[in-house]
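Here is a colleague's note, set out as numbered points, to be read slowly with the structure open beside it. Please look up each residue as it is named.

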Amino acid sequence: MGHGHAHHGHSAEVQPRDPAKVKQILKVTLYLAILTAIEFVLAFTVGRGPLLTSIFVLLTFVKTFYIVGEFMHLKHEVKILIWAIVLPTLFIMWLILAMLLEANHLHEARQYIFG
Amino acid sequence: MATAVIDEKENKALWAGGVEPLKASYGKLMMWFFLLSDALTFSGLLVTYGFSRFSHNAYHGAVEAFHTSVAYWPIPEKVFTHIPFVHTYAPLVFVGLMTFILILSSVTMVLAVEAGHRNDKKDVQKWMLWTILGGIAFLSCQAWEWTIFITGSENGLIINDPDGTVRHVFGANLIENEYGPRIFADLFFFITGFHGTHVLSGVIINIIVFYNVAFGTYERIGSYEMVEKVGLYWHFVDLVWVFVFTFYYLV
């Protein structure tokens, strides 16, 4: 402290592109594109129901894994940071499940009362 | 004092307290925690959607015979069927395109971050610009989508109220909805609107960061970490859309 150098001196050198890294990014892009295409096709070929919904939820989580893990780099952070983010989101899943069950009961109650 | 200066240079990553919690810089860690809180907000909205949907009647007839009614929740692919300039039945094609645009802009953002790690100002500029363009394209698509949703179909929907009045409704707003129960439209405006606001702020922040890159601010500091932080935000917005796409349009 106290010296206060006006410019931090060494403006770091430009390094050449790393083809391996770019290749990895494009690979993840391809996965995401394929997964979205599969969802799209399934929406029109498979009948609606619990099975299709489960497949959609599963594919969405796979996409989440790639976006958060690779694009947001969370996969390569320290373990405790990964858990600091993942653990609270697991509680959200529980909230969603609880609320959907609750909504089902509400629906039944409405039918019972209002016919 | 000389030793202090050397320490500062060797451990650029340390926070002011002299440690580096979770091996992440202060800005990045705080961005992660902000995103977590934002995820809670979006979850609240999507949970509300799921709750409303499950507490309403589902449509049980054949998909081909579907017609909108306030008595049951609509099939989304029967609601979002338009593409610009062409008068044809194309369910979900336009939203699929929007999803693609946003995922691609996420990819250009990763490439900008990667270029930042290499201190390659030219590449960062190029990829940031593509990301901004992708964001603007997505917002334009959304504006069109909203316009169609608000204007409604040619035939509209005739609603018989319990008190005997008959109304002819075209399109949707926060009070009336041609496509199904009123809350379906309300949540459409809330969820896609809240997400669109995030995209809009992302585009604005991206423009500011692009400006700083172009004027060499990060080059002088010697680190392009700000690109990384705004990148985290941008990917999160993309991720939220992945969820909206699945739960609002597909399921």
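1. Is the crossing of H4(B) and H7(B) left-handed or right-handed? The model in front of you is a predicted one, and in it the crossing of H4(B) and H7(B) is left-handed. To find the pair, look for helix H4, residues 121–151 of chain B, and helix H7, residues 225–250 of chain B, whose axes come within 13 Å and cross at roughly 30°. With that angle, H4(B) is roughly parallel to H7(B), because angles under 35 degrees count as roughly parallel.

2. The residues that make this contact can be picked out on both helices: from H4(B) come B:Val124, B:Met128, B:Thr131, B:Gly135, B:Phe138, B:Gln142 and B:Glu145, and they meet B:Val227, B:Trp234, B:Trp241 and B:Tyr249 of H7(B). Sorted by class, the contact of H4(B) with H7(B) has seven nonpolar, three polar and one charged residues.

3. Turning to H4(B) by itself, its 31 residues reach 45 Å from the first C-alpha to the last, which is close to the 45 Å expected at 1.5 Å a residue. Its buried residues include B:Asp123, B:Ile132, B:Gly134, B:Cys141 and B:Phe149, and the buried residues of H4(B) pack against helix H3 (93–117), helix H5 (182–214) and H7 of chain B. After H4(B) comes B:Gly152, a residue with a positive phi near 90°.

4. B:Ile136 is also in helix H4 of chain B, and you may ask whether B:Ile136 is buried, partly exposed or exposed. With a relative accessible area of 39%, B:Ile136 is partly exposed, because that class lies between the limits of 20% for buried and 50% for exposed. The C-alpha atom of B:Ile136 is separated by 14 Å from that of B:Leu97, although the two residues are 39 residues apart along the chain.

5. A second helix pair in chain B deserves your attention, namely H2(B) and H7(B), which pack at an angle of about 10° with their axes 11 Å apart. H2(B) and H7(B) are therefore roughly parallel to each other. On the side of H2(B) the contact includes B:Met31, B:Trp32, B:Phe34, B:Leu35 and B:Phe42, while on the side of H7(B) it includes B:Leu232, B:Tyr233, B:Phe236, B:Val240 and B:Phe243. By class, the contact of H2(B) with H7(B) has 15 nonpolar, one polar and six charged residues; among the charged ones are B:Lys28, B:Asp38 and B:Arg53 of H2(B), together with B:Glu225, B:Glu228 and B:Lys229 of H7(B).

6. Two loop residues of chain B should be checked for their backbone angles. B:Lys23, in the loop between helix H1 (2–10) and H2 of chain B, has a phi near 55°, a positive value in a residue other than glycine, and B:Leu92, in the loop between H2 and H3 of chain B, has a positive phi of about 65° although it is not a glycine. As to their surroundings, B:Lys23 is exposed, with a relative accessible area of 61%, whereas B:Leu92 is buried, with a relative accessible area of 1%.

7. In chain A, helix H2 covers residues 50–71, and its 22 residues should span 32 Å at 1.5 Å a residue; the end C-alpha atoms are 31 Å apart, which agrees. Among the buried residues of H2(A) are A:Leu52, A:Phe56, A:Leu59, A:Ile67, A:Val68 and A:Phe71. What covers the buried residues comes from both chains, for it includes helix H1 (19–45) of chain A together with helix H2 (26–54), H3 and H7 of chain B. H2(A) is followed by A:His73, whose phi is positive, near 70°.

8. Finally, compare two residues of helix H1 of chain A, A:Lys23 and A:Val28. A:Lys23 is exposed, with a relative accessible area of 64%, whereas A:Val28 counts as buried at 2% relative accessibility. Leaving aside residues up to four places away in sequence, A:Val28 touches A:Tyr66, A:Glu70 and A:Phe71. From C-alpha to C-alpha, A:Val28 and A:Leu42 are 21 Å apart in space and 14 residues apart in sequence, while A:Lys23 and A:Ile34 are 16 Å apart in space and 11 residues apart in sequence.

Terms used. Residues are numbered from 1 along each chain as its sequence is written. Chains are lettered from A and ligands numbered from 1 in the order in which they are written. This is a predicted model: local features need pLDDT of at least 70, side-chain atom pairs count only at pLDDT 80 or more; totals for chains, interfaces and linings use all residues. Side-chain values use heavy atoms; hydrogens and water are left out. Axes are lines fitted to C-alpha atoms, for helices over the stretch in contact, and angles run from 0 to 180 degrees between N-to-C directions. Helices (H or I, at least four residues) and strands (E, at least two) are DSSP runs, numbered from the N terminus. Angles under 35 degrees count as roughly parallel, over 145 as roughly antiparallel, 65 to 115 as roughly perpendicular and the rest as oblique. A crossing is left-handed if the near helix is turned anticlockwise from the far one by less than a right angle, and right-handed if clockwise. Contact means heavy atoms within 4.5 Å. The expected span of a helix is 1.5 Å times one less than its number of residues. Buried means under 20% relative accessible area, exposed over 50%, partly exposed in between (1.4 Å probe, protein chains only).
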